[in-house]
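Got a new structure open and not sure where to begin? Here's a quick round of questions and answers to walk you through it.

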Amino acid sequence: MTLVARFADGTIRLDGDLDPVAADALPVEFDDRSGTLRAPAHRYAALRDALDAAGIDYEDRVFDLPTLDLSTTYDLRDYQSAALAAWADADRRGILELPTGSGKTVVAIRAMADLSTPTLVVVPTVDLLHQWRRELETEFSVPVGQLGGGEQRLESLTVATYDSAYLRADEVGDRFGFVVFDEVHHLGGEGYRDIARLLPAPARLGLTATFERPDGAHEVVADLVGPVVYDRSVDDLAGDHLADYELRRVEVELTPAEREAYEDAQGTFVDYLKTSNLSLSSGSDYRELVKRSGSDPRAREALLAKQEAREIMMNSAAKVDALERIFARHPDARTIVFTAHTDLVYRLSERFLCPAITAETGASERRAILDRFREGTYTRVVAANVLDEGVDVPDASVGVILSGSGSEREFTQRLGRVLRPKADGRTAVCYEVVSAETAEERVAERRR
């Protein structure tokens with residue numbers, strides 16, 4: 001009986017007779033339920049190579065895909081062409097690490113046109129779902145399917161959220177020979193990893209501005225999608241392909257009352273650390289502190305004190321005054337203000353009469369605000385984290401980071417919001433407003 005490879009429920013199943021010795025040389029395991037050999041779907045290319053290397057005759061029925069007629073009008077910049085070539089040289093598996101605003105989507109679209117095979121694009125947010133769908137419909141003039149955002153429709157080109165792809169990958173995996181993971185670092189999440197495992201697509205492309213994850217899960221992503229095959233930093237592209245930019249740190253002083261409250265809270269937290277065998281130099285230490293706070297009153301007191309100190313230094317009154325001076329220095333510039341706290345967003349919105357975007361802002365209202373920002377009706381927007389990733393944010397020339405985490409990814413995303421090339425060649429400016437002599441100084445250093 002001829003050996004046949006088929007896609008079945010997120011696996012590659014081998015039906016037919018195969019010598020046990022030959023089977024031992026293949027990346028497969030025996031499945032007691034079906035009485036067949038199976039491999040995880042993402043091992044399809046490796047299985048095919050192993051079968052060929054062993055000289056085993058087999059019939060490949062994993063895919064029966066049409067050849068699409070896709071072409072693009074995009075002219076790639078030199079670094080985009082180099083990125084695409086590096087990916088192709090890596091057997092069309094791998095990750096491109098390029099700054100926000102550098103045109104990662106354009107590289108992916110050219111890859112789709114070059115392969116002309118059915119493609120699934122996986123994205124983290126509904127905003128990006130709609131953005132990708134519009135882009136593909138405009139560029140290729142073909143129907144584009146959508147999984148997520150209230151719609152479940154498959155086409156040869158389909159865009160899906162990570163959540164929808166997770167639910168349907170084992171069902172639709174054999175429909176796509178190419179998969180693009182936008183913001184591919186999300187694939188490191190425990191559940192989302194199964195998306196890549198359940199898809200047999202041999203061609204895999206990951207896009208991100210910052211690949212490494214603090215939990216080390218990027219190593220799992222590299223195994224599922226491929227390694228970073230091409231990377232460029234903001235500094236590599238600034239001037240020629242992204243706007244020249246300046247980073248300006250503005251240090252502000254806490255008021256006497258804020259200083260007293262900060263030192264008191266920070267002291268409580270530090271005193272606990274001295275006797276806890278925790279240094280908080282890693283995420284695991286912080287998780288341990290949270291765990292202890294459920295049963296240890298001193299740990300809970302320390303955790304609450306840390307949060308209080310953080311809120312004081314990130315929301316200090318002097319930061320609001322510094323923002324007023326920045327607005328006065330750039331009266332007509334399109335400006336995005338980033339904060340870590342919703343309460344501060346609303347304070348700023350009320351004081352400076354500019355629209356606020358938070359997690360509480362509905363999708364239609366957020367789109368309306370950003371459309372008016374794009375048109376120039378609004379010149380200022382203040383946001384709490386929600387514009388960091390996964391949202392189509394219009395070009396701005398001034399960014400102000402009033403507060404944030406020590407995450408390099410967050411900083412890179414925020415900086416990218418002001419780095420798209422300016423028609424008049426002007427320099428973009430990103431301000432970091434930092435409370436002096438507080439832990440925020442170390443936070444600002446870490447995110448660089």
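Q: What share of the 448 residues in the protein chain is buried?
A: Keep in mind that this is a predicted model. A residue counts as buried when its relative accessible area is under 20%. Across the 448 residues of the protein chain, the buried share is 52%.

Q: How many helices and strands does the protein chain have?
A: Both kinds of element turn up here, and we'll visit a few of them below. The secondary structure of the protein chain comes to 17 helices and 19 strands.

Q: Among contacts between residues at least 6 apart in sequence, what percentage join residues at least 24 apart?
A: Here we leave out pairs that sit closer along the chain and look at contacts between residues at least 6 apart. Of those contacts in the protein chain, the part that joins residues at least 24 apart is 72%.

Q: What span should helix α3 have, and what do its end C-alpha atoms give?
A: Helix α3 runs over residues 78-89, so that's 12 residues at 1.5 Å each, with an expected span of 16 Å. The expected span takes one less than the number of residues. The end C-alpha atoms agree with this, being apart by 16 Å.

Q: Where around α3 do its buried residues lie, on the same side or not?
A: The buried residues in α3 are Y79, Q80, A83, L84 and W87. They cover an arc of only 140° around the axis, so they sit on the same side of α3.

Q: Which exposed residues are on the other side of α3?
A: The buried side of α3 is covered by elements that include β6 (93-97), α4 (104-115) and β11 (178-182). Turn to the other side of α3 and you find exposed residues, D78 and D89.

Q: Is D89 buried or exposed?
A: D89 belongs to helix α3. Its C-alpha is 9.0 Å from that of V229, even though the two are 140 residues apart along the chain. The cut-off for exposed is over 50%. D89 has a relative accessibility of 67%, so it counts as exposed.

Q: What sign does phi have at D91, in the loop between α3 and β6?
A: Most residues other than glycine have a negative phi. D91 follows α3 and lies in the loop between α3 and β6. It's exposed, with a relative accessible area of 64%. Its phi is near 60°, and D91 isn't a glycine, yet the sign is positive.

Q: Which element gives the largest share of the largest nonpolar core?
A: That core has 34 residues, and W87, L96, W132, L136, F178 and V180 have the most contacts inside it. Elements giving two or more residues to this core include α3, α4, β7 (119-123) and α5 (126-140). The largest share is eight residues, and it comes from α4.

Q: Which residues is W132 in contact with, leaving aside its neighbours within four places in sequence?
A: W132 is among the residues with the most contacts inside the largest nonpolar core. With those neighbours set aside, its contacts are T105, A108, M112, V121, V123, V159, V180, D182 and L207.

Q: How many residues are in the second, separate core?
A: This core is apart from the one just discussed, and V320, C354, A384 and V429 are included in it. Its number of residues is 23.

Q: What arc do the buried residues of α15 cover?
A: Helix α15 (residues 363-375) has R366, I369, L370 and F373 buried. The face turned away from them carries the exposed residues S364 and E375. The buried ones are on the same side of α15, because they cover an arc of only 95°.

Q: Which residue with a positive phi follows α15?
A: We've seen a positive phi after α3, at D91. After α15 there's another residue with a positive phi, near 100°, and that residue is G376.

Q: How many bridges join strand β2 to β4?
A: Four of the five residues of β4 (residues 36-40) are buried, so this strand is largely enclosed by the rest of the structure. β3 (residues 29-31) pairs with β4 in the antiparallel sense over three bridges. β2 (residues 11-15) also runs antiparallel to β4, with R13 opposite R38. The number of bridges joining β2 to β4 is four.

Methods: Residues are numbered from 1 along each chain as its sequence is written. This is a predicted model: local features need pLDDT of at least 70, side-chain atom pairs count only at pLDDT 80 or more; totals for chains, interfaces and linings use all residues. Side-chain values use heavy atoms; hydrogens and water are left out. Buried means under 20% relative accessible area, exposed over 50%, partly exposed in between (1.4 Å probe, protein chains only). The arc is that of the directions from the helix axis to the C-beta atoms. Contact means heavy atoms within 4.5 Å. A nonpolar core is a set of buried Ala, Val, Leu, Ile, Met, Phe, Trp, Tyr and Cys residues joined through side-chain atoms within 4.5 Å. Two strands pair if DSSP finds at least two bridges between them.
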